[in-house]
Amino acid sequence: GHWGNPTQDDIVSLARWITLFTMSYEFADRATACIPFNVRSLFRETKTPSEHWNIAIGNGETETWSDVTFHRSMRLAGHIPHEGNRRFQMTAFRFGHLVILSHYADFSLGFDFSSAVKEIGLTPIWPNPPPKLTKPIYSHNDESINLIIAQMTNVVRLGVDKLNIS
């Protein structure tokens, strides 16, 4: 539960680890794996999440949590201002007292990730790692992983509706 005083380099390292975890975890259900091979390859080469990633973290309150990881992916149809595939995934999980949300989309979903996650008690760390990270006041609990996914799914739906994606 102690966040210490992580540097920007520490925050970037954490974003790298979260990206790697997310890309690995989505293969727990191959039918929902959506991060393309070229994105995985680029990450392997650069060790840095691309601009298509958004990552946020938060504080978890107890040691009694069950190990919950929730992965949701979507392939969207319809007209959007993007060439090629239209893939989206989000994964929420807990690691110790850290609550994590990673989001990958290969197109703009029409919403501001940073604002959306701040409203649910998370701190954005990627794509713009803050120079200093302060432990959030809000503490998540056992239900938070499911609630984070539900809330972000609603935000995505609103963004999709705004872009007229079906």
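Here is a short conversation about the packing, a salt bridge and a pocket in this predicted model.

Visitor: Which residues have the most contacts inside the largest nonpolar core?

Guide: Happy to start there. Nonpolar side chains tend to be buried together in soluble globular proteins. Here the largest nonpolar core holds 20 residues, and those with the most contacts inside it are Leu 101, Val 117, Leu 122, Ile 148 and Met 152.

Visitor: Which element gives the most to this core?

Guide: Strand E3 (87-95), strand E4 (98-105), helix H3 (113-118) and helix H4 (144-162) each supply at least two of the core's residues. With six residues, the element that gives the most is H4.

Visitor: What is Val 117 in contact with, leaving aside its neighbours within four places in sequence?

Guide: Val 117 is one of the residues with the most contacts inside the core. With those sequence neighbours left aside, the partners of Val 117 are Ala 56, Leu 101, Leu 122, Pro 124 and Met 152.

Visitor: How many residues does the other core have?

Guide: That core lies apart from the largest one. Among its members are Ile 11, Met 23, Trp 53 and Trp 126, and its residue count is 19.

Visitor: What do the buried residues of H2 pack against?

Guide: Helix H2 spans residues 37-46, and its Val 39, Arg 40, Ser 41 and Phe 43 are buried. Just after the helix comes Lys 47, with a positive phi near 60°. The buried residues of H2 pack against helix H1 (8-25), strand E1 (53-60) and E4.

Visitor: Which side chain meets that of Arg 40 in a salt bridge?

Guide: The count comes to one salt bridge. It links distant parts of the chain, with Arg 40 in helix H2 and its partner 14 residues away in the loop between H1 and H2. The N to O distance is 2.2 Å, and the partner is Glu 26.

Visitor: Are Arg 40 and Glu 26 buried or exposed?

Guide: Buried means under 20% relative accessible area. Arg 40 has 13%, so Arg 40 falls below that cut-off. Glu 26 has 0%, so Glu 26 also counts as buried. For Arg 40 and Glu 26 alike, the answer is buried.

Visitor: How do the residues lining the largest pocket divide?

Guide: About 200 Å³ of space lies in this pocket. Its lining includes Glu 51, His 52, His 103, Phe 107, Asp 112 and Phe 113. Glu and Asp count as charged, His as polar and Phe as nonpolar. Taken over the lining, the division is five nonpolar, five polar and two charged.

How values were computed: Residues are numbered from 1 along each chain as its sequence is written. This is a predicted model: local features need pLDDT of at least 70, side-chain atom pairs count only at pLDDT 80 or more; totals for chains, interfaces and linings use all residues. Side-chain values use heavy atoms; hydrogens and water are left out. On a 1 Å grid over the protein atoms alone, a cavity is a set of points where a 1.4 Å probe fits but cannot get out, and a pocket is an open set with protein on both sides within 12 Å along at least five of seven lines; lining residues have an atom within 4 Å of a point. Grid points are joined across faces, edges and corners, and a volume is the space filled by probe spheres set on the points. A nonpolar core is a set of buried Ala, Val, Leu, Ile, Met, Phe, Trp, Tyr and Cys residues joined through side-chain atoms within 4.5 Å. Buried means under 20% relative accessible area, exposed over 50%, partly exposed in between (1.4 Å probe, protein chains only). Helices (H or I, at least four residues) and strands (E, at least two) are DSSP runs, numbered from the N terminus. Contact means heavy atoms within 4.5 Å. A salt bridge is a side-chain nitrogen of Lys or Arg within 4 Å of a carboxyl oxygen of Asp or Glu.
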